[in-house]
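Biologist: I would like a close look at one part of this model, the surroundings of its bound ligand. Please take me through it slowly, with the cut-offs behind each term.

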Amino acid sequence: SGLKTGGAFTPTRDDFQRVYNDVAEILENNDYDNGSYGPVVVRLGWHASGTYDKETKTGGSNGATMRFAPESEHGANAGLKTARDLLEGIKKKHPWISYSDLWTLAAVAAIQEMGGPKIPWRPGRKDGDVSACTPDGRLPDASKDQKHLRAIFYRMGFNDQEIVALSGAHALGRCHTDRSGFDGPWTFSPTMLTNDYYKLLLEEKWAWKKWNGPKQFEDVSTKSLMMLPTDMALIKDKEFKKHVERYAKDNDLFFRDFADVFGRLLELGVPFEKEEKFIFKSTTD
Ligand code: HEM
């Protein structure tokens, strides 16, 4: 455990690995969704980070401002209280870690524990106060098209290939009618990260779902899977589709690119003092 110098606790790599292990232990729960909090924890890390604006250098994971209204009340963040509350127990046990480091570390743990790639991670985020909350509208709106996706993700500093690589996270989890209004999972194994999202986009036939909810697509053959309008934009747009095809063919390539871009997403706007990154041991290593 880290040394206490002048009252300040200096956590070591082992201390962060202990946090990882404690997160890994609480992800599985048969009473929740498909038996795992992993997907909603990934979504928390993404929504905490995806508010970044490279022009004004505001937003991003530093600050963990989603703890406060108005950011916690933004429509895009509906349901993420589940993930924040889950991690509260970890924060109590390891009070030295900032919420902003904890949320991003937990997202890394969730990806690794759901069979995804190792995501190099480093500490250094500091929690902010309510004044650092970002305005509503910085996260993507699923009812929109490729033009919107580019506007949102270019603002964070990402390019077309990176938008497609990040979107592969929709292999995980599901939409909830009481959160976004949309309904259903994207893949048949929503607690395992694979390139199935890309394969299904290309190989299934998709049609508008006939229902009273928001406009979404369903697979014609089983009617049990879904795609959002923004997911379909990735095969409507030629530049995006090129990368969907590359990732559908090659899971290793997807894992490499996803690990790289997800790691950078979690670091947007953070003034790190140290370069060194940690690669956490997964519980299955
Ligand atoms: C879930 C939209 C990108 C990870 C969702 C949901 C929506 C959505 C509407 C359903 C929320 C609910 O009802 O619970 C979008 C849009 C994106 C996008 C429009 C633009 C490209 C991403 C990215 C990641 C991500 C970049 C991570 C790298 C997830 C995960 C879930 C999810 C893991 C499942 C959450 C759960 O099961 O509770 N997304 N998303 N999404 N999103 Fe995205």
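Biologist: Of the 24 residues around the ligand, which come nearest?

Modeller: This is a predicted model, in which local features need pLDDT of at least 70 and side-chain atom pairs count only at pLDDT 80 or more, while totals for chains, interfaces and linings use all residues. Residues are numbered from 1 along each chain as its sequence is written, and side-chain values use heavy atoms, with hydrogens and water left out.

The residues that come nearest, out of the 24 around the ligand, are His 170, Gly 173, Arg 174, His 176 and Ser 180, where a residue is near if one of its heavy atoms lies within 4 Å of the molecule. His 170 is also the single protein donor to the iron atom of the ligand, through NE2 at 2.1 Å; donors here are N, O and S atoms within 2.8 Å of the metal (3.2 Å for Na, K and Ca), and the site may look incomplete because water is not among the atoms. In the chain, His 170 sits in the loop between helix H6 (160–167) and strand E3 (174–175), with helices (H or I, at least four residues) and strands (E, at least two) taken as DSSP runs.

Three side chains make polar contacts with the ligand, that is, pairs of N or O atoms within 3.5 Å. An N or O atom in the side chain of His 176 is 2.6 Å from an oxygen atom of the ligand, and a polar side-chain atom of Trp 46 lies 3.2 Å from a ligand nitrogen. Ser 180 likewise places a polar side-chain atom 2.6 Å from an oxygen atom of the ligand. Two or more residues of the shell are given by each of helix H2 (38–49), helix H5 (146–156), H6 and E3, and H2 gives the most, with 4 residues.

By class, the shell divides into 15 nonpolar, 6 polar and 3 charged residues, with Gly counted as polar, and Asp, Glu, Lys and Arg as charged. At least three residues of the shell come from each of domain 1 (4–138) and domain 2 (146–260), the bounds being those of an automatic or database domain assignment.

One further stretch deserves a look, the loop between H2 and helix H3 (81–93), where Pro 70 has its place. A cis peptide bond joins Ala 69 to Pro 70, with omega about 10°. Lys 57 lies in the loop between H2 and H3, and has a positive phi of about 55° although it is not a glycine.

Notes: Polar contact = N/O pair within 3.5 Å; in protein donor to acceptor, adjacent residues only side chain to side chain.
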